[in-house]
Amino acid sequence: MTELEEYYDHLYISPHFDDVALSCGGQVFRHTAIGDSVLVVTVTGAEPPAGLQSAIVQSLHQRWADSLGETPEAIVAQRRAEDWEAFGILRAAVLHLDFLDCIYRAGPDGAPFYPGPTDMFGPFNSADTDVVDALAASLANLPEAGQVYLPLGVGGHIDHGVTRRAGEKAFTDVAYYEDYPYTMTPGALEEVLPAAGRGEWRPETVWLTETAMAAKIESVSAYRAQLSSFFTGPDDLAAKLREEGRRVMADATADGEDAPKWAAGAERLWRRRASFTLPSFEE
Ligand SMILES: [Zn+2]
C-alpha cells in the first residue's frame, strides 16, 4: 500500500485494472517524464464474493481455472500485483478501491444485477444505483488533484458508465478519455460523442513520442492475466496499441489538427465546452 500524497497533478479513475494503462498509458508517461505526479485509482479492486454463481461468473471463473490454473481470489491478487508493475513502469502511484465488478453485484436477496453473458454491456439496472452514490462518496475523499480524468464510457460497459457518473458527482472540472479497446469497434466512439453533439465538446490531443508509445506498450504488457481476452500475444498487443495510436492521430488530423513530425501515436481527451451564456447580458 502506497502512502498517498495530499495532492497529485493528475488523477486518473480506472473502472477496472488496465483501463487507464490501455487508454492513457502514453499521457501518464509524458506527465511523469516531466516530473508531474500521477495517481491512478482503480474502482473494481474487490475480491469476488463467495457463493455468487450466475452464468457469467461461472464461465469466467472456469476460464481462469482452465487457462491460468488460478482461483478467483488468486486472480485478483495477481491483477493487483500486475497493476503495481504496470504503473511502476510509468512511474505513477496506484490506489485500488474495493468495489465489486458489476458481474458480482447483487440485490439483498442475492439475485445478481447482471447475470447474463452480455448484461455488462446492456442497460443499467436501476436497483444498482447505490453503487454510484457509494463510489461518488469514495472518490470525493481522494487526494486533491490538478486535473481529474474519467472514462467517456465508449463500449457501454456498466462499470465504465458507473465510474463516469460517480466521477461527475464527485468532481466539478473533468477531462474524459476514450475507452480502449472499445474504440476499436467502428462507430462506438460516435455513440458516446455523436457528431451532431460534438460542438459541446472540445478535444485535446496528446501526441506521443516513440518513447512514450513504447512505455505504454511495456506497461500494458504487465497485465498478463487479462491479455488473452484482448490480444493473441505480445506482438499482437504492440501492433494493436500502435494501430490505436494511429487511429487517434487520424481522427485528430481529420478534425484539422497538424500532427507533429515526431508523433508515433496519440491519445485524445475530451472536455465539455464551458458555457459562456450570461443571461443578464442577453436581456
Ligand atoms: Zn474496463
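The following exchange walks a new reader through a predicted model of one chain.

Modeller: Residues are numbered from 1 along each chain as its sequence is written. Because the model is predicted, local features need pLDDT of at least 70 and side-chain atom pairs count only at pLDDT 80 or more, while totals for chains, interfaces and linings use all residues.

Biologist: How many helices and strands does the chain have?

Modeller: Helices (H or I, at least four residues) and strands (E, at least two) are DSSP runs, numbered from the N terminus. Counted in this way, the chain has seven strands and 10 helices.

Biologist: What radius of gyration does the chain have, and what would a compact globule have?

Modeller: The radius is taken over C-alpha atoms, and the globule rule is 2.2 Å times the number of residues to the power 0.38. Along its principal axes, the C-alpha trace spans about 60 × 50 × 40 Å. For 283 residues a compact globule would have a radius of gyration near 19 Å, and the chain agrees with this, as its own value is 19 Å.

Biologist: In what order do the strands of the open sheet stand?

Modeller: Two strands pair if DSSP finds at least two bridges between them, and the pairing in this sheet is mixed. The edge strands, each pairing on one side only, are β3 (93-96) and β6 (201-208). Neighbouring strands are turned by 30° against each other on average, direction ignored, where axes are lines fitted to C-alpha atoms, for helices over the stretch in contact, and angles run from 0 to 180 degrees between N-to-C directions. The order of the seven strands is β3-β2-β1-β4-β5-β7-β6.

Biologist: Which residue stands opposite Tyr 177 in β7?

Modeller: Strand β5 (residues 174-177) runs parallel to β4, to which four bridges join it, and there Tyr 177 is the bridge partner of Pro 151. With β7 (residues 265-272), β5 pairs in the antiparallel sense over two bridges. The residue opposite Tyr 177 in β7 is Leu 269.

Biologist: Which strands does helix α5 touch?

Modeller: Helix α5 (residues 158-170) packs on the sheet, and its direction makes about 145° with that of β4; contact here means that the C-beta atoms of two residues, placed from the backbone, lie within 7 Å. Together, β4, α5 and β5 make a right-handed β-α-β unit, meaning that, with the strands pointing away from the viewer, the path from the first strand over the helix to the second runs clockwise. The strands touched by α5 are β1, β4 and β5.

Biologist: Why do the buried residues of helix α4 line one face of the helix, and which elements do they pack against?

Modeller: A residue is buried if 20 or more other C-beta atoms lie within 10 Å of its own, exposed if 12 or fewer, and partly exposed in between, with C-beta atoms placed from the backbone. In α4 (residues 130-140) the buried residues are Val 131, Leu 135 and Leu 139, and they line one face because, seen down the helix axis, they fall within an arc of 65°, which is the arc of the directions from that axis to the C-beta atoms. On the other side of α4, Asp 130, Asp 133, Ala 137 and Ala 140 are exposed. The buried residues of α4 pack against β1 and α5.

Biologist: Is Glu 73 buried or exposed?

Modeller: Glu 73 lies in helix α3 (residues 72-89). Since 11 other C-beta atoms lie within 10 Å, Glu 73 is exposed.
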